Amino acid sequence: MSLDDDTLHEECGVFGILGHPDAATLTALGLHALQHRGQEAAGIVSYDGGQFCSERRMGLVGDHYTNPATLAQLPGDRAIGHVRYSTTGDAALRNVQPLLAELEIGGIAIAHNGNFTNGLTLRRQLIADGAICQSNSDTEVVLHLIARSRHASSSDRFIDAIRQMEGGYAMLALTRTKLIAARDPIGIRPLVMGDLDGKPIFASETCALDIIGAKFVRDIENGEVVVCEIQQDGSISIETYKPQIPKQERLCLFEYVYFARPDSVVGGRNVYNARKNMGINLAKEAPLEADVVVPVPDGGTPAAIGFAQESGIPFELGIIRNHYVGRTFIEPTQSIRAFGVKLKHSANRAVIEGKRVVLVDDSIVRGTTSVKIVQMIRDAGAREVHIRVASPMIYHPDFYGIDTPDADKLLANQYTSLAAMCDYIGADSLAFLSIDGLYKAVSGAPRDPRAPLFTDHYFTGDYPTRLLDKDGPSNVHKLSLLANNG
């Protein structure tokens, strides 16, 4: 059993740059800033004017791309990169992105963040028609659709391919002359555009722009495709394509709760402030008398600060995180497994002994980690342990790029009451932030059930798209044609 089994995982992050002499190095730095979005594997593809170069490795960005010899294998002034946590496709080098293919129109590399909800359906159709798949990543489906498109230009083929995809995604493609960026029709996954010395950059989060000193330009709109192309005179043209019938944007709410880095700006909203507001609203909704507010590192820290400020209860670091533990470094036998939480977290006895402790966490998935942390706090001498969660209960699985357990494995579905949940965890009390409290923290207004601002199905069951791979075919359709708004 992995120590991370009680944690939600984002599928990946993307970064791309066009026209800069240090393209691969800047891409590696950008991926380093996006490492929190995927720690399983990383890859970079560059183009040097004559050939595509690819370096794809299992493990962390810093394990490979700080090596000058590795970066020397990635020459050229254009590159795209990817960090990965697999939700579709197993953890193997063949599935590490960007995926690179030679087509009739020339070479093309593709990387994406998210999940296609009709990817398996299209894959089966392609294989039935004779396609040969080298990986089991749904990104490869896009490459096949581009190869089969009858349009002349790579841009038109790319647009033709993504018109057939459903789900949530932020995607980058690199051709010999172009860097193409696209975002799904309702903008479930984030994607931003930046500028460094007049060269266009695309990234999953603004923190990847900050690390290289790039300027934030704007968010890529939901359903938008941006095509940047190097011209013969060295200038870069930028064309945008948007849906003829645009849909309302619905960003994934979990970007604010958990996934995005606190210093990022997602959808025009600072993530740290949103999380702090979650804690403020949580203190209003579930007040109590206690001696100390303790965050569950690291995700619960901003919310705990907000909770402490609103409640007047002192904030303390009652749990110390060991930042140097990734995967378990010793054989996880049953006798060792009990130390799992202590490998990553240690109780600060001086802060919590004899105290009534409020533990603030960002979310609870299965609850197994919460059980261990509560016991750890009690073992350190806490008089009472109360849990406050800065997001609602998770009732439903995700199909847009978040690795969630099956519905029956989620804590909220295993117990019929909050009291029963609390007894299982071993706390003196347990409370979750309401869905309206979460919406207010992020947008300043409660949830409008007629037109929700965000993708929030894991809390509400309101899936914003069809789930073709899960539910089977019904009224198969394509997205509306994209009109040139360049």
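Here is a short walk through the structure above, which is a predicted model.

Let's start on the inside. In soluble globular proteins, nonpolar side chains tend to be buried together. Here the largest nonpolar core has 40 residues, and the members that touch the most others are Leu 253, Phe 254, Tyr 256 and Met 278. Several elements give two or more residues to this core: the strands β15 (251-252) and β21 (356-361), and the helices α8 (254-259), α9 (271-285), α10 (301-311), α17 (435-443) and α18 (457-460). The most comes from α9, with five residues. Another core, of 28 residues, lies apart from this one, and its members include Ile 108, Leu 143, Leu 145 and Val 227.

Now stay with α9 and look at its contact with α17. Two packed helices are described by the angle between their axes and the distance between the axes. For α9 and α17, the axes come within 8 Å and cross at roughly 145°, and the crossing is right-handed. On the α9 side you will find Ala 274, Asn 277, Met 278, Asn 281 and Glu 285, which meet Gly 437, Leu 438, Lys 440, Ala 441 and Val 442 of α17. Sorted by class, this contact has five nonpolar, three polar and two charged residues. Met 278 thus turns up twice on our route, in the core and in this helix contact.

Phe 254 is another residue worth a second look. A search of the whole structure finds 11 aromatic pairs, and one of them joins Phe 254 to Phe 259 in a tilted arrangement, with 5.9 Å from centre to centre and 50° between the planes. Both of these rings belong to buried residues. They also sit in one aromatic cluster together with Tyr 258, Tyr 458 and Phe 459.

Next, move to helix α4 (residues 119-128), where Gly 119, Thr 121, Leu 122, Arg 123 and Leu 126 are buried. Which elements do the buried residues of α4 pack against? Their partners are β7 (106-116), α5 (139-148) and α19 (468-471). After α4 comes Gly 130, with a positive phi near 110°.

Our last stop is Asp 219, found in strand β12 (residues 215-219). Is Asp 219 buried, exposed or partly exposed? Asp 219 counts as partly exposed because its relative accessibility is 27%, and the partly exposed class lies between the 20% and 50% cut-offs. Leaving aside residues up to four places away in sequence, Asp 219 touches Leu 191, Val 192, Gly 267 and Gly 268. Thr 206 is 13 residues from Asp 219 in sequence, with 9.4 Å between their C-alpha atoms.

Methods:
Residues are numbered from 1 along each chain as its sequence is written. This is a predicted model: local features need pLDDT of at least 70, side-chain atom pairs count only at pLDDT 80 or more; totals for chains, interfaces and linings use all residues. Side-chain values use heavy atoms; hydrogens and water are left out. A nonpolar core is a set of buried Ala, Val, Leu, Ile, Met, Phe, Trp, Tyr and Cys residues joined through side-chain atoms within 4.5 Å. Buried means under 20% relative accessible area, exposed over 50%, partly exposed in between (1.4 Å probe, protein chains only). Helices (H or I, at least four residues) and strands (E, at least two) are DSSP runs, numbered from the N terminus. Axes are lines fitted to C-alpha atoms, for helices over the stretch in contact, and angles run from 0 to 180 degrees between N-to-C directions. A crossing is left-handed if the near helix is turned anticlockwise from the far one by less than a right angle, and right-handed if clockwise. Contact means heavy atoms within 4.5 Å. Ala, Val, Leu, Ile, Met, Phe, Trp, Tyr, Cys and Pro count as nonpolar, Asp, Glu, Lys and Arg as charged, and the others, Gly among them, as polar. Rings of Phe, Tyr and Trp (its six-membered ring) pair if their centres lie within 6.5 Å; planes under 30 degrees apart count as stacked, over 60 as edge-to-face and the rest as tilted.
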